[in-house]
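Hi everyone, thanks for making time. I'd like to walk you through one structure today, so let's put it up on the screen.

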Amino acid sequence: MPTPELRRAHTIDSQSSTANRGWRVVAADVYCRVPSLRITMAQAGLAIASGLVALVLSLAPASAKTSLPNILLIVADDAGIADIGSYGSEIRTPNIDSLASAGVRFTQFGVSATCSPSRSMMLTGVDSHLAGLGNMAEFMAPNQKGRPGYEGHLNDRVAPVSALLRDAGYHTYMAGKWHMGEEPEHWPASRGFTRDLTLIPGGGSHMDDMWGLKGERQLYTQNGKILKALRPGFHSSDDYTSAIIDNIEENRGDGKPFFAYLALQAPHDPFQLPDEWLGKYKGRYDQGYEATRAVRIERMKALGVLGAKSTVFPRLPNVPAWADLSDEDRRQSARKMELYAAMVEHMDTNIGKVIEYLKAKNLYDDTLIIFLSDNGPEGNSWDVGPPWDNSKFEEWGKKGTFIQYGAAWAQVSAGPFRMFKGFMSEGGIRAPLIIAGRGVRDSGRISDAVTHVMDIPATILKAANVAYPKTIEGKVVVSMQGKSLQPVLTNSRNAVRKTSDWLGWELFGNRAIREGNWKLLWLCKPFGPGGWQLYDLKADPGEINDVAAAHPSIRDRLIGHWRTYVKKNNVILPNTSPICGQVATNDSSK
Ligand SMILES: [Ca+2]
């Protein structure tokens with residue numbers, strides 16, 4: 001592979017102060033949004049009823065070098081666990097799959113149900129309700145505003161792994177979507193990244209037009225300064241990847257390791273691709289979503305990433321059977337999935353460019369590579385108006401069009417799991433996680449260890465031999481909650497938690513507690529009963545058999561964990577939520 005040219009084609013505004021941002025992003029322009037999906041009570045009946053020196057010595061073989069590892073963190077935006085080839089997808093992802101072959105695939109990896117809460121935990125190792133993203137900034141409820149943990153950006157009581165690694169002598173590069181604060185003091189450049197190419201808000205066009213949901217101009221930065229324009233022909237996956245490679249190449253060989261955060265915007269909607277990618281999956285989805293989903297689930301079982309007797313959450317009541325669609329509806333629906341699949345493969349191709357670059361420069365073996373998705377697939381849809389224009393079918397997927405695939409195909413992306421992005425059921429909070437490279441032993445393993453996105457910083461800090469601090473810039477830092485995945489990566493133990501350890505979730509008023517294979521779930525009506533349900537995720541990953549009545553003592557113990565979780569993390573249930581409407585804020589038990 002040729003040495004990448006350093007790109008300086010973006011136009012930088014040398015003034016980066018807020019005052020110069022006359023086109024400042026409107027806070028309501030949210031992409032990482034919440035469900036507009038609404039199903040009726042009757043329809044929902046189905047769902048309800050079915051109701052590193054020391055570390056180097058331990059991470060690497062004794063004969064291995066004692067230098068610090070490079071770290072590459074690759075994040076897909078809204079990719080479902082079943083969208084990745086090595087997790088059962090028909091979508092071609094050979095490069096991500098090569099990481100799976102060289103490393104470990106995790107099957108029980110928990111994230112939050114939307115972007116910014118997940119990302120806050122992924123960079124800090126601390127629960128989102130303590131890190132400042134107790135709710136998404138865009139949906140902060142009146143009773144949450146102004147409260148600690150609900151700043152809507154990474155607050156000053158957490159220590160981002162980027163800042164800790166920078167202070168430990170790492171180069172720290174970021175390219176991609178940020179979504180954790182829009183003021184200059186919140187930007188990546190202010191939170192530990194020495195180089196960046198960043199889409200600051202939660203989403204937008206993948207192309208050079210910089211459009212937000214209403215066609216307004218989105219805020220981008222490069223190395224801490226506002227970008228006035230993107231390179232003509234820009235595509236998010238191509239350009240973020242090039243930026244990361246350019247950054248690594250620029251300082252290669254200077255003796256310092258790097259931490260590179262490739263925060264891809266794909267396959268988040270709008271589905272948009274370079275022209276040569278638009279026809280990649282033509283005709284591939286004419287069989288429809290039920291058939292595609294069934295094949296994926298069988299492949300997941302055959303691959304061993306899903307138990308052979310696993311339950312499957314049924315097709316949602318508001319999703320019509322493929323056979324009942326008109327020919328024109330089938331044509332349009334299949335085309336949306338063709339574009340989505342191409343988004344995933346195009347993203348994978350770019351990930352392949354980084355892997356190829358690392359191998360060509362003899363950096364691969366010294367790099368710990370982490371791939372994950374930040375939340376479940378997006379099953380909710382926007383009503384998008386002008387200037388977006390979807391009126392010409394043959395133009396779909398090009399600049400200026402806004403294609404999204406809706407609940408039916410999101411259920412395909414979620415495999416057997418219940419619901420999708422925005423929900424605390426497994427379809428919203430179970431994501432692919434693959435870790436390969438330096439320090440990972442015994443390639444091609446599948447791990448069912450219960451893991452969480454808060455474990456990512458703990459794993460990175462352990463690999464880099466950096467201690468988690470008690471204070472940062474004179475302020476006390478919230479204690480690390482994540483656990484290093486090192487025991488699993490070194491294949492010394494297939495667990496980082498005891499079976500009695502538990503994890504908690506809350507977003508938009510919906511809640512979950514996981515202890516071993518037990519999961520306590522609270523979904524508001526009509527998505528759940530507006531009360532606790534209990535599931536055995538080993539037997540029932542589809543969360544269709546509520547066993548609370550059969551196991552009251554387990555249910556009550558996990559409710560106790562919920563109360564502890566609320567207290568420990570200062571959880572304030574929102575008094576209004578985009579999914580649940582009015583939430584009973586004092587309801588902590590039933
Ligand atoms: Ca996301």
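Here is a question to start with: which residues of β16 are buried on one side, and which on the other? On one side we have W502, G504 and E506, and on the other L503, W505 and L507; every one of these is buried, and both faces of the strand are covered. Please keep in mind that this is a predicted model.

That alternation should look familiar: in a regular strand, side chains alternate between the two faces of the sheet. For β16, six of the six residues are buried, so the strand is largely enclosed by the rest of the structure.

Now, where does β16 sit? It belongs to an open sheet of four strands, in the order β16-β17-β18-β19, with antiparallel pairing. The strands at the edges are β16, residues 502-507, and β19, residues 532-536; each has a single partner strand, so one side of each is left without a neighbour in the sheet. From one strand to the next, the twist averages 15°.

Let's follow the pairing along. Between β16 and β17 there are six bridges, in the antiparallel sense, and E506 stands opposite R511 in β17. These two strands form a hairpin with two residues between them. If you like backbone torsions, look at F508 in that turn, which has a positive phi of about 60°.

Moving on, β17 (residues 510-515) pairs with β18 (residues 518-522), again antiparallel, over five bridges. Here E515 stands opposite W518 in β18. Packed on the sheet is helix α14, residues 552-569, which touches β16, β17, β18 and β19. The direction of α14 makes about 115° with that of β17.

Let me zoom out to the whole chain. The chain has 14 helices and 19 strands, and buried residues make up 56% of its 590 residues.

In soluble globular proteins, nonpolar side chains tend to be buried together. In this model, the largest nonpolar core holds 169 residues, and the two that touch the most other members are I244 and L262. Helix α9, residues 327-360, gives this core its largest share, 14 residues.

What is L262 in contact with, leaving aside its neighbours within four places in sequence? The contacts are L72, L73, I74, A175, G176, Y240, T241, I244 and V354. You'll notice that I244, which shares the top spot for touching core members, is on that list.

That's my tour; happy to rotate the view for anyone.

Definitions and conventions: Residues are numbered from 1 along each chain as its sequence is written. This is a predicted model: local features need pLDDT of at least 70, side-chain atom pairs count only at pLDDT 80 or more; totals for chains, interfaces and linings use all residues. A nonpolar core is a set of buried Ala, Val, Leu, Ile, Met, Phe, Trp, Tyr and Cys residues joined through C-beta atoms within 7 Å. A residue is buried if 20 or more other C-beta atoms lie within 10 Å of its own, exposed if 12 or fewer, and partly exposed in between; C-beta atoms are placed from the backbone. Two residues are in contact if their C-beta atoms, placed from the backbone, lie within 7 Å. Two strands pair if DSSP finds at least two bridges between them. Axes are lines fitted to C-alpha atoms, for helices over the stretch in contact, and angles run from 0 to 180 degrees between N-to-C directions.
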